[in-house]
Structure formats: structure tokens, C-alpha cells
Amino acid sequence: MINQTNCPLCKSELKKVHTTKDFLVTGENFDIMECPNCRLRLTSPFPDKDAMGRYYESDEYISHADKSKNVFDLVYNLVRSTMLGRKRNLVEKAVGKKIGSILDIGCGTGHFVNTMRENGWKVSGVEVSSKAGELMNNQFGVSIISPDEWLNSHEKYDVITCWHSLEHVHEPWIYLEKIRATLNHDGVLIVALPNYESTDAGKYGADWAAYDTPRHLYHFTPSSLEKIMFANEFLIDEIHRMPFDAFYISILSARHTGRSAISGMWNGFISWFSALLNKEKCSSLIYVMK
Ligand SMILES: [Zn+2]
């Protein structure tokens, strides 16, 4: 565990904004630190790479688990299938191709990769969890590579996607450098991230479920992401809303704090509505970069 004191990008001294905890697995406390210059937020202490495994040891970690056990999971799965089609449209429109090669970083159990494969794309997935990789192989017959295998490969892609994965990576700049090197000349990078300036983040503060410490190591806003991306020679071309996340995150945040799902739903609705008026208030955003 390393206490974060300085911004990894600009070296400014970090300021503590929240004390939160790991609501999902261990109940351990973590701080949210912010760089006054970049506005990047970090989780502190920052667990070592080797120590991360135990923080993912939960049946409720539904990005990686596939069995629907309750209404909450059923709704989650329904929303996921709606989003899969939307993601495919967004990818094809962003790159201007109906068929090409795509790498999904943090592909989990591979639903998105499989959707692309079924529509004729040449697909690859990077996943740190061998358990999720196994599920993906069994269910869809697609094999995944580990982050280290990818970092040492020379394969090029038309599109690289990071759907809610960059915030889990210890050194995202190493990934961004590799992505820059492995994207084809007219390739596109698509990143989805929670937005700590969203209405639901403001409502729940330290209990906001999308801080998800310590699984989420970094926390972004549109402007902080723009700075990091610019330093890595990427320009944000488009920003899209992920409208369902406001509901999912608010219900989860309400549950963390012992409040009812109805109150979470209501706050989700308020956040969703405010994002209609101001995109930068959206719970999660998709960034298309060139
Ligand atoms: Zn900074």
C-alpha cells in the first residue's frame, strides 16, 4: 500500500477530498485525493498490483459474474444488452467502418467483444482476471490475452476500447502510450469512465458507488481526462452520455448508505435529467478520441 501524496502527472501536492471505503469486499477505508492543478483524483492508499486480487473476490462483482440472482442483476443485464447494440453503433460510426479489427481492454466476460465478433469484426480482448477469461472462452470461444502479453505484442487495431477499465489500471499512461503505438493511422480510441462531477456524485459524496475504492484507482472528469489525453497525443473528438449509469450508480450508492432503492432510483432520475440539460453532469461518459 502506498499513500498518495503527489500528482503522478504534474507532481503537485494532493489534497484529501473524501474518506470512503471498500463497500463491496473488505470494508477497508480509503481516501480520495485530488490534484489542484489537473483535477485528477486518486485512491489512497494505493494497493500494489500483486495485492489487488483480493479486492475483486466478490460474487457481487457483476461485471465479472454472469448469473442473475436478483432483480437488481436482472435489470443490470437488461441494460447491458441494450448498451451492447449502442456501443457497436458508436464504434462503427466513430471509425467509419462496418468491419475491422478491435481490441477491448478490460473485456471482462466478453459480451461486447462477442457482439463485435458476431457482426464480422476481428476481435481481441485483454483481461487481467483469468476467471473472467475462462468464462469468456467457455461461453463465446474467444481467448483473451493478459495485459503483459498485450504490452509486448505488435498487433495493430482500427479501434481500441476501454469500457470502464482505465480507472482500474495502476499506470494508465503506460497503456495510453501502447494504445497510441498500436492504433492504425486512422484508428480510434474509445474510453468510458465515471464522472465525479456528475449530479449523482455530488449527491452521494464519499458514498458515491462509482468511487468503488480501491478497484478504481483514478477518478476523472471531462477536463482532467482531456489534459491526460493531450499529454498522450490524443484529442477528444466526441463525448457521449451513458444514461443508465446514473440509475445503477445511485441505487448502489443508496444501498451502501442503508437507504432504499426507491430513493436511489429517484436520485438517479434527477441525475439523468440534469445530464439531459448538461452533458458534463452525466454519471458516466464515453469519450471518442483520435
Ligand atoms: Zn496534477
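**Figure 1. Helix H2 and what covers its buried residues in the predicted model.** In this predicted model, the elements that cover the buried residues of helix H2 include helix H1, strand E4 (101-105), strand E5 and strand E6 (157-163). Helix H2 itself comprises residues 111-118, and the residues it buries are His111, Phe112, Val113 and Met116. Just after H2 comes glycine 120, a residue that takes a positive phi of about 90°.

**Figure 2. Helix H1 and its buried residues.** Helix H1, which has 25 residues, reaches 36 Å from its first C-alpha to its last, and this is close to the 36 Å expected at 1.5 Å a residue. Buried within H1 are Met83, Lys87, Val91, Ala94 and Val95, and the buried residues of this helix pack against E4, H2, E6, strand E7 (183-194) and E10. Glycine 96 follows H1 and has a positive phi, near 70°.

**Figure 3. The open sheet and its edge strands.** The sheet is open and is formed by 6 strands, which lie in the order E5-E4-E6-E7-E10-E9 with mixed pairing. Strand E5 (122-126) and strand E9 (236-241) each have a single partner strand and stand at the edges, so one side of each is left without a neighbour in the sheet. From one strand to the next, the twist averages 15°. At the E9 edge, strand E9 runs antiparallel to strand E10 (residues 284-289), and 5 bridges join the two; within this pairing, histidine 240 has isoleucine 286 of E10 as its bridge partner.

**Figure 4. The packing of helix H8 against helix H9.** Two packed helices are described by the angle between their axes and the distance between the axes. For helix H8 (residues 245-256) and helix H9 (residues 261-277), the angle is about 145° and the axes are 7 Å apart, and the crossing of the two helices is right-handed. On the H8 side the contact is made by Ala246, Phe247, Ser250, Ile251, Ser253, Ala254 and Arg255, while H9 contributes Ala261, Ser263, Gly264, Met265, Asn267, Gly268, Ser271, Trp272 and Ala275. By character, the residues of this contact between H8 and H9 divide into 8 nonpolar, 7 polar and 1 charged.

**Figure 5. The surroundings of helix H8.** Of the 12 residues of H8, 10 are buried, so this helix is largely enclosed by the rest of the structure. The buried residues are Asp245, Ala246, Phe247, Tyr248, Ile249, Ser250, Ile251, Leu252, Ser253 and Ala254, and they pack against helix H1 (71-95), helix H6 (199-204), H9 and E10. The end C-alpha atoms of H8 are 16 Å apart, which agrees with the 16 Å that its 12 residues should span at 1.5 Å a residue. Following H8 is glycine 258, whose phi is positive and near 75°.

**Figure 6. Alanine 209 and its contacts.** Alanine 209 is found in the loop between H6 and strand E8 (218-219), and it counts as buried because it has 25 C-beta neighbours inside 10 Å, where 20 or more are required. When residues up to four places away in sequence are not counted, alanine 209 touches Ile249, Leu252, Ser253 and His256. Of these contacts, Ile249, Leu252 and Ser253 are among the buried residues of H8. Between alanine 209 and tyrosine 157, by contrast, the separation is 52 residues in sequence and 33 Å in space, taken from C-alpha to C-alpha.

Key. Residues numbered from 1 in each chain as written. Predicted model: local features only at pLDDT ≥ 70, side-chain atom pairs only at ≥ 80, totals over all residues. Pairing = 2+ DSSP bridges. Helix = DSSP H or I, 4+ residues; strand = E, 2+ residues; numbered from the N terminus. Axes fitted to C-alpha atoms, helices over the stretch in contact; angles between N-to-C directions. Left-handed = near helix turned anticlockwise from the far one by under 90°. Contact = placed C-beta atoms within 7 Å. Nonpolar A, V, L, I, M, F, W, Y, C, P; charged D, E, K, R; others polar. Expected span 1.5 Å × (residues − 1).
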